[in-house]
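Please open the model in your viewer and keep the selection panel at hand. The tour below moves from one selection to the next and says what can be found at each stop.

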Amino acid sequence: MTTKTDLIKKLKDKSAEVAILGLGYVGLPLAVVFGEAGFKVTGVDPDQRKVDALNAGKSYIPDVKTEAVAKLVKDGKLTATVDFAVLKEMDAVSICVPTPLRKTGDPDMSFIISAMDELSKYMHKGMVVVLESTTYPGTTRELLLPKLGTEHGLTVGEDWFLAFSPERVDPGREDWTTINTPKVMGGITEDCGEVATAWYEGAIKTIHRVSTAEAAEMAKLLENTFRMINIGMVNELAIMCERLGVNVWEVIDAAATKPFGFMKFTPGPGLGGHCIPIDPLYLSWKMKSLNYNARFIELASEINTNMPRYVVSRVLEAMNDRGKTLKGSKVLVLGAAYKPDIDDVRESPSLDVIGLLQKKGAQVEYHDPYIPHIHHEYEGWHMDSVADMMKSVKEADAVVVVTNHKDYDYKEIIASAKFVFDSRNATGKMGEFENVERL
Ligand code: SAJ
């Protein structure tokens with residue numbers, strides 16, 4: 001028996017002790033999937049509130065049912081702790097920590113580095129480590145390999161095993177979840193890939209092996225760069241169509257009738273969320289260190305970042321056409337979340353639209369049924385969602401639809417508002433109105 005065959009045996013018979021570092025919207029669903037597959041799982045997170053909730057059998061992630069957590073805790077299949085020292089007992093560790101951007105737009109690797117520094121204290125022979133956090137190609141080999149293995153005299157692929165497997169969690173989605181979404185897996189060595197696959201295939205339906213950790217890191221960046229660039233393209237299409245006097249929404253719907261070779265994206269007020277605006281910049285940042293300028297990413301990022309400003313310029317123009325100045329006008333922004341029907345405001349273009357309207361001298365209010373309060377962390381302002389939306393709609397000189405929540409009664413809004421600028425085509429199916437303009 002070698003270290004590898006011994007570890008694979010424990011992974012296959014589920015006697016291996018599993019740890020998940022980081023119990024957020026990626027780590028908690030993964031912990032539950034491994035627990036329900038029969039592994040004994042220890043969740044490790046510095047946030048004592050998360051740990052206490054889990055040990056009390058409660059979920060704090062909407063996608064994870066409290067009943068599932070309660071059953072695993074009762075059955076002794078899931079415990080949580082803030083104490084990283086438990087890692088010395090672990091055979092298999094998955095790292096699911098955030099990889100945001102710094103204010104400078106560079107990757108913020110601090111969460112990966114602190115998880116790695118803690119794990120490094122407890123590394124031992126016979127461990128497999130999988131990084132799930134979206135990051136630039138080379139992270140697993142350049143950062144984790146030296147810190148977790150070489151520094152401890154452990155030979156990767158023999159004494160211990162290291163791989164990258166990108167998370168594909170889409171919060172709120174019920175059709176594709178952690179257990180049934182195909183999982184890409186790339187090891188530092190062939191043996192690393194084999195061991196990590198033996199672990200994950202014991203819980204996740206489909207594992208797609210690639211030859212290296214870098215291929216797996218790059219696959220994830222391709223997935224989200226693809227979206228970001230295509231969104232940037234349709235945003236530029238919207239600007240071009242406005243210049244041409246053509247309805248961009250009609251054009252996109254027409255192109256989408258092509259049953260092959262086309263994928264529909266829609267323009268909007270900008271790019272929000274903690275994935276799409278951010279992940280591609282990890283790639284362009286890495287390429288700069290290799291003296292290569294990722295022009296598509298740079299251009300799409302520039303277009304997407306400019307969309308809030310474009311929306312405000314369209315509102316200003318439309319009000320001018322109606323003999324009103326934006327300065328001193330009351331403007332109600334509908335929607336603060338970064339996409340419809342969710343309560344996530346991270347990187348939301350609404351915050352930029354509100355800030356820009358304020359800079360133009362407008363008196364701005366907002367409403368969002370999912371987000372009672374917003375705080376612009378960079379500009380520092382706070383705002384509460386208006387209590388009586390229709391009252392604010394009636395009083396506003398302009399209503400700007402920034403997030404097309406399905407809860408809104410757009411018919412009533414159009415009937416009650418002096419003027420509506422619809423940046424999401426939420427009202428598109430209702431025909432043309434004198435008091436409505438669209439992106
Ligand atoms: N957006 C547009 N036009 C579009 C699509 C999106 O303007 O055609 C905007 C959205 O309004 C939002 C931003 O882009 O502000 C991102 O939207 P998204 O639909 O990509 O949603 P996210 O950010 O939740 O992306 C996640 C990603 N999941 C993972 O990274 C695991 C992404 O890969 C998924 O494709 C996406 O969910 C999804 O399909 O829901």
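In this predicted model, the count of cavities of 30 Å³ or more comes to two. To find the largest cavity, select V26, L30, E132, E167, R168, V169, T177, T178, T181 and K183, which form its lining, and look for an enclosed space with a volume of about 80 Å³. If you colour that selection by residue class, the lining of the largest cavity divides into four charged, three polar and three nonpolar residues.

Next, clear the selection and pick K330, V331, L332, Q363, E365, S392, E395 and A396, the residues that line the second largest cavity. The elements that supply two or more residues to this lining are strand 9 (330-334), strand 10 (363-367) and helix 13 (389-395), and the largest share, three residues, comes from strand 9. The space in the second largest cavity is about 40 Å³, and its lining is made up of three nonpolar, two polar and three charged residues.

Now turn from the cavities to the second largest pocket, and select D170, R173, R227, I276 and K339, which lie nearest its centre among the 39 residues of its lining. About 1200 Å³ of space lies in this pocket. Which domains does the lining of the second largest pocket draw on, with at least three residues from each? Colouring by domain will show domain 1 (3-211) and domain 2 (226-438) in that role. Helix 8 (213-244) and helix 9 (248-255) each supply at least two lining residues, and helix 8 gives the most, with six. By class, the lining of the second largest pocket holds 15 nonpolar residues, 12 polar residues and 12 charged residues.

The last stop is the ligand, which is surrounded by 18 residues, the closest being D170, N224, R227, T266 and Y338. Of these names, D170 and R227 will be familiar from the centre of the second largest pocket.

Three distances to oxygen atoms of the ligand are worth displaying:

- from Y338, show the backbone, where an N or O atom lies 2.7 Å from a ligand oxygen atom;
- from R424, show the side chain, which places an N or O atom 2.9 Å from an oxygen atom of the ligand;
- from K220, show the side chain as well, where a polar atom lies 3.0 Å from a ligand oxygen atom.

To finish, display the surface of the ligand with and without the protein: taken alone the ligand exposes 730 Å², and the protein buries 87% of that area.

Notes. Residues are numbered from 1 along each chain as its sequence is written. This is a predicted model: local features need pLDDT of at least 70, side-chain atom pairs count only at pLDDT 80 or more; totals for chains, interfaces and linings use all residues. Side-chain values use heavy atoms; hydrogens and water are left out. On a 1 Å grid over the protein atoms alone, a cavity is a set of points where a 1.4 Å probe fits but cannot get out, and a pocket is an open set with protein on both sides within 12 Å along at least five of seven lines; lining residues have an atom within 4 Å of a point. Grid points are joined across faces, edges and corners, and a volume is the space filled by probe spheres set on the points. Helices (H or I, at least four residues) and strands (E, at least two) are DSSP runs, numbered from the N terminus. Ala, Val, Leu, Ile, Met, Phe, Trp, Tyr, Cys and Pro count as nonpolar, Asp, Glu, Lys and Arg as charged, and the others, Gly among them, as polar. Domain bounds come from an automatic or database domain assignment. A residue is near a molecule or strand if one of its heavy atoms lies within 4 Å of it. A polar contact is a pair of N or O atoms within 3.5 Å; within protein, one must be able to donate a hydrogen and the other to accept it, and residues adjacent in sequence count only if both atoms are side-chain atoms. Accessible areas come from the Shrake-Rupley method with a 1.4 Å probe; for residues, only the protein chains shown count as cover.
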